[in-house]
Amino acid sequence: MRPGMVTLTWTSMNIDSYITQVRKGMEQLRELVCSINDIIENRIEKNLRKGSKILLVDLPDDSSFTVSDFVQMQQNFISSKADILQGKNREIENAVEDLIAKIYANNFEIFQEQISESDANKLREHYNHFMYQALLHSAKTSMNALKKRIGSRGGTNVLSSSKPFFSVDVQLMPPKVSLSPALDDIQTCINSTAKAVLACYKSVLEWGDSDQTFFERITKDIELVRVALLLTGCVQGIRNTVADYLETFTKVGILESDV
């Protein structure tokens, strides 16, 4: 459009060819913008939203589990979701590379002057950061969902729930009363699940020709560390409630022996 702004006038002999060239350039630009918007909306942003919503734990509300069954079930489930996350990661990376290639492939001189490898890398870093944020959101949501399902908030008594998270038996072995499995075993189970959630990011590769994964970046996030610490200590919040509950059996046993 520069000739029309600098040299051409309405009396110029080549005005018609100039207008035709401008219209052709505008149409080319329109097609480029539509193509870019399609890549960004349907291949990048859509997959980012889907990736951020992936729940890495399977927590049905109407089922109870033994400790051993729960660990194995979660490990299998997390492994399958890790494959999906890596798939989304690769789709987004490829979409970003296609976006850059499409811009480079056009014949707009002004684009060729402005777009450098540094600019392309900035675009890659921009969407790589959003990929990291999507993975981080998925991890936090999964950990918080596990914590909520366990019912540690507000001192919820898992033993009185209609559908307890874990199948727990009370064993009367005079003069002691105990739980099977013990709370320590349940906490170990939860810790193993939390570690499996974080470990799944070892299979989600960083962009480019690197062997690095998102694992190190994810596990350094201070908010996720805080959630993980709360989760690995969630059973501690119900120990007093459980102790009071077990004490009722001890009292019953004493009364019966007196009779």
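1. Let's start with a word you will need throughout: a helix here is a DSSP run of H or I with at least four residues, and helices are numbered from the N terminus. Lys 148 belongs to one of these, helix α5, which covers residues 117–150. Please keep in mind as you read that this is a predicted model.

2. Is Lys 148 buried or exposed? Its relative accessible area is 70%, and exposed means over 50%, so Lys 148 counts as exposed. Now look for Leu 231 in the structure. Lys 148 and Leu 231 are separated by 83 residues in sequence, yet their C-alpha atoms are 9.4 Å apart in space.

3. Stay with helix α5 a little longer, as Leu 136 is also found there. Its relative accessibility is 3%, and because buried means under 20%, Leu 136 is buried. Which residues does Leu 136 touch, once those up to four places away in sequence are set aside? They are Ile 218, Asp 221 and Leu 224. You can also find Tyr 201, which is 65 residues from Leu 136 in sequence and 9.8 Å from Leu 136 in space, C-alpha to C-alpha.

4. Next, turn to two other helices. The axes of helix α3 (residues 67–105) and helix α6 (residues 183–199) come within 10 Å and cross at roughly 5°. Angles under 35 degrees count as roughly parallel, so α3 is roughly parallel to α6. On the α3 side, the contact is made by Val 67, Phe 70, Val 71, Gln 74 and Ile 78. Helix α6 brings Asp 185, Ile 186, Cys 189, Thr 193, Ala 196 and Val 197 to the contact. What kinds of residue are these? Eight are nonpolar, two are polar and one is charged.

5. Further along the sequence of helix α3 you will meet Gln 86. With a relative accessibility of 16%, Gln 86 counts as buried. Apart from neighbours within four places in sequence, Gln 86 is in contact with Ser 203, Val 204 and Leu 205.

6. Now for the rings. How many aromatic pairs does a search of the whole structure find? The search finds one. The partners are Phe 65 and Phe 70, with ring centres 5.6 Å apart and planes at 55°, so this pair is tilted. Phe 65 and Phe 70 are both buried. You have met Phe 70 already, in the contact of α3 with α6.

7. One last ring to find is that of Phe 215. The charged end of Lys 202 sits over this ring, 4.9 Å from the ring's centre.

Methods
Residues numbered from 1 in each chain as written. Predicted model: local features only at pLDDT ≥ 70, side-chain atom pairs only at ≥ 80, totals over all residues. Heavy atoms only, no water. Phe/Tyr/Trp six-rings, centres within 6.5 Å; stacked < 30°, edge-to-face > 60°. Buried < 20%, exposed > 50% of the residue type's maximum accessible area, 1.4 Å probe, protein only. Lys NZ or Arg CZ within 6 Å of the ring centre and 35° of its normal. Axes fitted to C-alpha atoms, helices over the stretch in contact; angles between N-to-C directions. Parallel < 35°, antiparallel > 145°, perpendicular 65-115°, else oblique. Contact = heavy atoms within 4.5 Å. Nonpolar A, V, L, I, M, F, W, Y, C, P; charged D, E, K, R; others polar.
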